[in-house]
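Reader: I am new to this structure and would like to learn how to read its features one at a time. Could you take me through them slowly, with the general idea first and the case at hand after it?

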Amino acid sequence: MSLSQGREYLAIPGPSVIPDRVLQAMHRASPNIYEGELHDLTDSLIPDLKKIAMTKGDVAIYIGNGHAAWEAALSNTLSRGDKVLVLATGLFGVGWGEMASGLGVEIEVLDFGQSSPVDLARVADALKADTAHAIKAVLAVFVDTSTGVKNDIAAIRQVMDAEKHPALLMADCIASLGCDRFEMDNWGADVTVSGCQKGLMTPAGMSFVWFNDKAAKVRGDCVTPYWDWAPRTDPEVYFRYFCGTAPTHHLYGLRAALDMILAEGLDAVFDRHRKLAEIIWSAINVWAEKGQIAINVADPAHRSHAVTSIFAGSPNGDALRHWCQHNCGLTLGIGLGREPADAYFRIGHMGHVNAQMVMGALGTIDAGLKALDIPHGAHALSAAADALAQRA
Ligand SMILES: *Cc1c(COP(=O)(O)O)cnc(C)c1O
């Protein structure tokens with residue numbers, strides 16, 4: 001006996017809920033790839049992708065997931081034997097660094113643990129120690145999806161400038177673009193990477209690298225023809241946008257998703273994500289009054305508005321996920337990269353998510369805590385309703 005039949009809520013931090021409008025835009029016969037509508041549609045995506053990342057720089061599109069954008073960003077800018085400074089606040093910072101290492105780049109990892117943001121003083125020390133400017137790039141994850149930690153990209157740039165360090169600043173915005181406010185040019189990121197399946201609400205399979213003139217000038221010898229961003233950003237012929245056949249249906253889907261984001265307005269989109277996150281946190285704070293439950297990141301200023309990681313004690317994280325999924329049709333995120341993984345769960349609240357979905361998810365989790373006899377503070381839903389009423 002299960003109450004899970006009906007529309008499910010995939011509340012994991014990517015892939016995220018796909019709007020019907022995006023799915024419908026993709027439900028079509030293959031278009032002509034040689035001329036016509038698809039070419040105009042692709043051209044129309046470029047300025048809008050720049051708007052979303054808030055940059056006047058270039059953007060290259062790859063048929064691939066976030067890892068593809070990671071590799072594209074690294075390979076276009078770095079040479080074998082170069083060094084990068086990796087700022088790790090969770091699994092994804094570590095992963096991006098490992099990818100650089102795999103390309104033959106030396107990595108220096110500053111690990112800030114799994115519940116805290118980047119410590120700027122340690123970054124300053126590392127840059128100060130690099131008197132020969134061996135470090136060619138600083139890799140920073142804006143929102144680490146495994147921990148929910150949000151880092152201050154503008155402040156990292158300020159530290160680099162204060163040390164007069166010439167390295168590129170590269171930001172991973174895969175989880176957070178179109179959720180948490182990000183201003184590539186104003187904040188001083190030279191390279192930004194993202195994917196289409198999180199805040200951009202499109203099925204996984206496309207990713208993006210934005211880069212400024214400074215990054216374009218640094219040409220690394222790691223780059224190979226397929227990953228080269230130059231022909232992709234200034235294609236003489238359409239075929240070069242994607243180094244082959246275009247991801248036809250994804251382009252239609254992304255067009256619909258960007259239309260939705262821009263019609264709502266970026267500020268409104270960021271505001272919605274912030275308010276939904278605050279509603280979720282207000283419920284968790286009440287659960288936390290009794291038992292072991294706690295939001296992974298203590299300071300709300302350092303939490304993402306797209307994903308929240310929650311400690312629930314082992315094996316409560318896993319038990320709760322299974323209960324919610326099998327009984328209610330709510331899929332929560334796993335304790336990715338955590339030890340023990342079954343002590344954690346994550347709520348993805350990115351993209352096509354509104355208040356009633358969040359309230360449903362919180363009510364389901366509250367029921368799961370009761371059904372599984374996991375100690376928790378009472379009346380969390382009432383706190384969430386108060387938080388919603390104040391913000392609606
Ligand atoms: C999802 C994610 C990635 C990896 O993206 P894939 O599409 O799974 O390759 C990298 N970094 C962050 C911050 C992410 O959220």
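**Reading the model step by step**

Author: Let us start with the largest pocket, whose lining takes at least two residues from each of strand E1 (9-11), strand E13 (330-332) and helix H13 (355-371). Please keep in mind that this is a predicted model.

Reader: Which of these elements gives the most to the lining of the largest pocket?

Author: Helix H13 does, with five residues. The space in the largest pocket comes to about 370 Å³, and of the 18 residues that line the pocket, those closest to its centre are Arg7, Glu8, Tyr9, Leu10 and Met357. Sorted by class, the lining holds nine nonpolar, six polar and three charged residues.

Reader: How should I read an annotation from a record, and what does the one on Lys198 say?

Author: An annotation is a statement attached to positions, and it may be inferred rather than shown by experiment. For Lys198, the unreviewed UniProt entry gives "modified residue: N6-(pyridoxal phosphate)lysine", and the same kind of record, also unreviewed, assigns "domain: Aminotransferase class V" to residues 62-327. Over residues 62-327 the chain is 41% helix and 18% strand, with its end C-alpha atoms 38 Å apart.

Reader: Where is Lys198 found, and is Lys198 buried or exposed?

Author: Lys198 sits in the loop between strand E9 (191-195) and strand E10 (206-211). Its relative accessible area is 8%, and because the cut-off for buried is under 20%, Lys198 counts as buried. Leaving aside neighbours within four places in sequence, Lys198 is in contact with residues including Pro13, Gly14, Thr145, Ile174 and Met350.

Reader: Gly14 has just been named among those contacts; what kind of peptide bond joins Gly14 and Pro15?

Author: The general idea is that most peptide bonds are trans. The bond between Gly14 and Pro15 is cis, with omega about 0 degrees, and Pro15 is placed in the loop between E1 and helix H1 (20-26). A cis bond also joins Ser314 and Pro315, again with omega about 0 degrees, and Pro315 lies in the loop between strand E12 (307-311) and H12.

Reader: What is there to learn from Cys324, which lies in helix H12 (residues 316-328)?

Author: Cys324 shows how distance along the chain and distance in space can be read side by side: Cys324 and Leu3 are 321 residues apart in sequence and 9.8 Å apart in space, C-alpha to C-alpha. Cys324 has 0% relative accessibility and so counts as buried. Not counting residues up to four places away in sequence, Cys324 touches Gly329, Leu330, Leu332, Thr364 and Ile365.

Reader: How do I read a value of phi, and what is the phi of Met54?

Author: Most residues other than glycine have a negative phi. Met54, which is not a glycine, has a positive phi near 55 degrees; Met54 is in the loop between helix H2 (37-53) and strand E2 (58-63) and, at 24% relative accessibility, is partly exposed. Asp373 likewise has a positive phi, of about 55 degrees, and lies in the loop between H13 and helix H14 (380-391), where its relative accessible area of 68% makes Asp373 exposed.

Reader: And what is the phi of Gly104, the residue that follows H4?

Author: The phi of Gly104 is positive as well, near 95 degrees. Helix H4 (residues 91-102) itself has twelve residues and reaches 16 Å from its first C-alpha to its last, close to the 16 Å expected, and its buried residues include Phe92, Trp96 and Met99.

Conventions. Residues numbered from 1 in each chain as written. Predicted model: local features only at pLDDT ≥ 70, side-chain atom pairs only at ≥ 80, totals over all residues. Heavy atoms only, no water. Helix = DSSP H or I, 4+ residues; strand = E, 2+ residues; numbered from the N terminus. Expected span 1.5 Å × (residues − 1). Buried < 20%, exposed > 50% of the residue type's maximum accessible area, 1.4 Å probe, protein only. 1 Å grid on protein atoms, 1.4 Å probe; cavity = no way out; pocket = protein on both sides within 12 Å on 5 of 7 lines; lining within 4 Å. Points joined across faces, edges and corners; volume = space filled by probe spheres on them. Nonpolar A, V, L, I, M, F, W, Y, C, P; charged D, E, K, R; others polar. Contact = heavy atoms within 4.5 Å.
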